[in-house]
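Here are two short exercises to work through with the model open. Try each one before reading its solution.

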Amino acid sequence: MSKAGALDLASGLGGKIDKTDVLSAVEKYEKYHVYYGGDEEERKSNYTDMVNKYYDLVTSFYEFGWGESFHFAPRWIGESLRESIKRHEHFLALQLGLKPGHKVRSTSVEHRETVLVGPWPCIIKCFGICQGSLLSSSSVTGLNNNEYQITRGKELNRIAGVDKTCNFVKADFMKMPFPDSSFDAVYAIEATCHAPDAYGCYKEIYRVLKPGQYFAAYEWCMTDSFDPNNQEHQKIKAEIEIGDGLPDIRLTRQCLEALKQAGFEVIWEKDLAVDSPVAWYLPLDKNHFSLSSFRLTAIGRFITKNMVKALEFVGFAPRGSQRVQDFLEKAAEGLVEGGRKEIFTPMYFFLARKPLSDSQ
């Protein structure tokens, strides 16, 4: 799980946005959110612009702090963050039952993830499955609507040697440019949470999936412990939304209902955070220290904050870079508190099957 250096962070800030326009993009992004007077309906109706801005602005921060595969995972005692992420990704791939020759769609908006099946990372912040002993003949198409992330994903795939079997299509997962029943499997890791409408997203996935085949995902959700009338709960939710580019955060039961409404048969579903021996949010907890994930610790984040401030001051990083780090810090605080109070989970897992026929 290689990590970018300080100059990589500075040069990547803003993604495909012109460096002189980064501050303006930050201001426009912030205005979509509650903290700056925005509302849910505006975020949903402008989700493509909002999420694209988000990933242009934050991808280099994610690579710098988290690495190529940036998502959460349930964790065993004595297991490193990197090891837990690998196991989390392997688990999802095995649930899909992929075989040589399968054509796989990894569904993502602008999103966040790399899936690892075998020893090498494949796609940054999108979805992809690497070649491994179980999947040496499977091909993966990563759907991503952010040009900068596709550029980074292609480069990482080339380095990993999987560019012949993992490819990208730039498109919106609410309107996929593929014929009906064209994929053997579909998976998403912490990505479809960016959809403005879960049912619309799942219905489109249902359309491109072959009958009898499976869709597996990890969703970001509020749990049944979330109280919409509790101001502290609402504050935590708003912090996660602005810090992670989300139009809204659905309840687990809303995702489950949307799957069934789209036509899927739900094989099984569970919040995997519940039984995790080590808290999933531990890497972001300021009370936790780890040399292996030092950049995520309180000290590491303090150093990064001042480094970004210096880089912006001397002109190596574009104006607005510090403000990006500020809303990412809000996200970290919201995620930790949401985890502690058990009102939020980043790993609501489900395995769903498209029936062989509509009548099945």
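**Exercise 1.** Work out how α10 and α11 are oriented relative to each other.

Step 1. Find the two helices: α10 covers residues 298-314 and α11 covers residues 321-340 (helices are DSSP runs of H or I, at least four residues, numbered from the N terminus).

Step 2. Take the angle. The pair packs at about 160 degrees, with axes 9 Å apart; axes are lines fitted to C-alpha atoms over the stretch in contact, and angles run from 0 to 180 degrees between N-to-C directions.

Step 3. Apply the cut-off: α10 and α11 are therefore roughly antiparallel, the label for angles over 145 degrees.

Step 4. Add the hand. α10 and α11 make a left-handed crossing, where the near helix is turned anticlockwise from the far one by less than a right angle.

This is a predicted model, where local features need pLDDT of at least 70, side-chain atom pairs count only at pLDDT 80 or more, and totals for chains, interfaces and linings use all residues. Residues are numbered from 1 along each chain as its sequence is written, and side-chain values use heavy atoms, leaving out hydrogens and water.

**Exercise 2.** Find out why C201 has no bond to the closest cysteine sulfur.

Step 1. Set the rule: a disulfide is a pair of cysteine sulfur atoms within 2.5 Å.

Step 2. Check the distance. C255 holds the sulfur closest to that of C201, but at 9.7 Å it's too far for a bond.

Step 3. Try C255 itself: its nearest cysteine sulfur, in C221, is 3.6 Å away, and C255 is in no disulfide.

Step 4. Tally up: the rule gives 0 disulfides.

Technical notes: Parallel < 35°, antiparallel > 145°, perpendicular 65-115°, else oblique.
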